[in-house]
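Please open the model in a viewer and keep the selection tool at hand. The tour below proceeds from one selection to the next.

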Amino acid sequence: MLNKIIKRGHKKVPKSDPSDFVVAASGNRSSGSVSTSNVVVNHASRGAGAGAGAGVGMMNNSMQQQTVMSAAVPAPGTIEALPMLKDVPMAERQSLFLRKLQVCCYQFDFNDTMKMVREKEIKRQTLAELVDCVQSNSLKISEINQEEMLKMISVNIFRCLPPASHENTGSDNVEPEEEEQYLEASWPHLQLVYELLLRYIVSADTDTKVAKRFIDHSFVLKLLDSFESEDPREREYLKTILHRIYGKFMVHRPFIRKAINNIFYRFIYETERHSGIGELLEILGSIINGFALPMKEEHKLFLVRALIPLHKPKPIAMYHQQLSYCIVQFVEKDYKLCDTVIRGLLKYWPVTNCQKEVLFLGELEEVLEATQAAEFQRCMVPLFRQVARCLNSPHFQVAERALFLWNNEHVVSLIAQNRNVILPIIFEALEKNIRSHWNQAVHGLTVNVRKMFLEMDADLFEDCQKQYAEKAARATDVEKQRELRWQRLAAAAGQGG
């Protein structure tokens, strides 16, 4: 609760881009929290210099729309309800649509629920009508209005996000999954704005050649920045919208992949704090699924430089499910990447974080399911050295999860084909578990695995048993000699005294 109060205190009032809107003062400004004054839309893409090259008819049309809009804007500090689009003649609908966009540019303070209730409801109803208009294709929106609609959307969704929870408390030790979930107070309006953007993008009437002038690289970057929002509802909308943009605007695809790369790099090597890594990985999972074969070198580099290092950050539990899906997609697309992926997992294998080890073992099993014998042989020695360490882990969940690998038929078949190499590596770990592991479930599973190897190759099992006995005997002899040396040293020290 304290975090929420502090967060509200730090929240900054969003403001529109000065290049998009010019505020002309008329009379005294109201003390209300609404952006007050008559607002004239200033088209940055059609400035004074561009006016000479534009057609006279377009200039006149733009001036007429601005005149209508300026005349209809309510007095400062107030918003008046406009008629429904369906209730006016078809010839007036474009200008009315523009006026409704203007109403939706007003910003409100949602921290005070009793403030300007009527005006907030008018904006909400206006946004809902715009969403319905775009969704039903009841009005073919002009290019000018499309541009103004994207500007209105930008004014609402691209805002100063409140400080993250760890910034409010001043503590970097708070686990991200333990932080109190923050919900955006202005969501009743914000949701409708996101819905409007989504409906515009997916609409069959939206011409990508026209829309890409407004949904440009700058717009995409701002969308990606918004993934920092701590409100999961907002990140869910952003995920869907960015995925739709990737699918519809092919020209933006390389740029989107590169921008996501950069977010990952900053997260891995600098901050280890970002709310939207899971959602970005979900988008990438779908993108990777559509990669053509043979896979481009660019995509393989993305796997090696971004996806595999994402196993390093401490809060991996927040996004591991999505990361694991992306990794497995790569392996299923190109089985030759299995060795690269498994060695990458071993590189970032946790040393002291047992919960993270359990996640790694689960992901390892999924990767091994898609691994073929030739690739398995390349990495099996370092792999099963790590598995042997996991088998002897005092944390029963780690040992248990490692033993569950032998429940997978494909993994067992790979192990059986290479038992001459694998059994000598893990035999000692199995024997130690049977003799001394404290957990009964781990003990029982170890007995089953040991029995499986015995049935698989009795002669090999016997050889391993002899080698283990000889090694144990040598270790006993070394220990006895060490004790004798200490006894001699103690006796010599006693005589010298």
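**A salt bridge to begin**

Select Asp231 and Arg233: the two form a salt bridge, with their closest N and O atoms 2.7 Å apart. The structure is a predicted model. Asp231 has a relative accessibility of 0% and therefore counts as buried, since the cut-off for that class is under 20%. Arg233, in contrast, is partly exposed at 32%.

**The whole chain**

Now display the entire chain as a cartoon. It contains 23 helices and two strands. Of its 497 residues, 47% are buried. Among contacts with a separation of 6 or more, 74% join residues that lie 24 or more positions apart. The salt bridges come to 24.

**Helices H11 and H13**

Next, select residues 232-248, which are helix H11, together with residues 277-289, which are helix H13. The axes of H11 and H13 come within 9 Å and cross at roughly 30°. Because angles under 35 degrees count as roughly parallel, H11 is roughly parallel to H13. The crossing of H11 and H13 is right-handed. To see the contact, show the side chains of Arg235, Lys239, Leu242, His243 and Tyr246 on H11. On H13, the residues that take part are Glu279, Leu280, Glu282, Ile283, Ser286 and Ile287.

**Ala259 in helix H12**

Move to helix H12, residues 253-271, and select Ala259 within it. Ala259 counts as buried, at 8% relative accessibility. Apart from its neighbours within four places in sequence, Ala259 is in contact with Leu221 and Leu224. Add Asp225 to the selection and check the C-alpha to C-alpha distance: Ala259 and Asp225 are 10.0 Å apart in space and 34 residues apart in sequence.

**Helix H5 and the charged residues at 118 to 120**

Select helix H5, residues 117-136, and centre on Lys120. Which side chain of opposite charge is nearest to Lys120? That side chain is Asp112, at 6.3 Å; Lys120 is buried yet has no salt bridge. Leaving out residues up to four places away in sequence, Lys120 touches Phe108, Asp109, Phe110, Asp112, Thr113, Lys115 and His189.

Then select Arg118 and Glu119, whose side chains meet in a salt bridge at 3.6 Å, N to O. Is Glu119 buried or exposed? Glu119 is buried, with a relative accessible area of 11%, whereas Arg118 is partly exposed at 43%. Add Glu80 to complete the picture, as Glu80, Arg118 and Glu119 are linked in a network of salt bridges.

**Helix H16**

Go on to helix H16, residues 338-347, and select Asp339 and Arg343. These residues are four apart in the helix, which means that about one helical turn separates them. Their side chains meet in a salt bridge of 2.9 Å, N to O. Asp339 is buried, with a relative accessible area of 14%, while Arg343 is partly exposed at 39%.

**Helix H19**

Finally, select helix H19, residues 396-403. Six of the eight residues of H19 are buried, so the helix is largely enclosed by the rest of the structure. The buried residues of H19 are Val398, Ala399, Glu400, Arg401, Ala402 and Leu403. To see what covers them, show helices H17 (354-369), H18 (373-391) and H22 (440-456), which are included in that cover.

Notes. Residues are numbered from 1 along each chain as its sequence is written. This is a predicted model: local features need pLDDT of at least 70, side-chain atom pairs count only at pLDDT 80 or more; totals for chains, interfaces and linings use all residues. Side-chain values use heavy atoms; hydrogens and water are left out. Buried means under 20% relative accessible area, exposed over 50%, partly exposed in between (1.4 Å probe, protein chains only). Lys and Arg count as positive and Asp and Glu as negative; His and the chain ends are not counted. A salt bridge is a side-chain nitrogen of Lys or Arg within 4 Å of a carboxyl oxygen of Asp or Glu. Contact means heavy atoms within 4.5 Å. Axes are lines fitted to C-alpha atoms, for helices over the stretch in contact, and angles run from 0 to 180 degrees between N-to-C directions. Angles under 35 degrees count as roughly parallel, over 145 as roughly antiparallel, 65 to 115 as roughly perpendicular and the rest as oblique. A crossing is left-handed if the near helix is turned anticlockwise from the far one by less than a right angle, and right-handed if clockwise.
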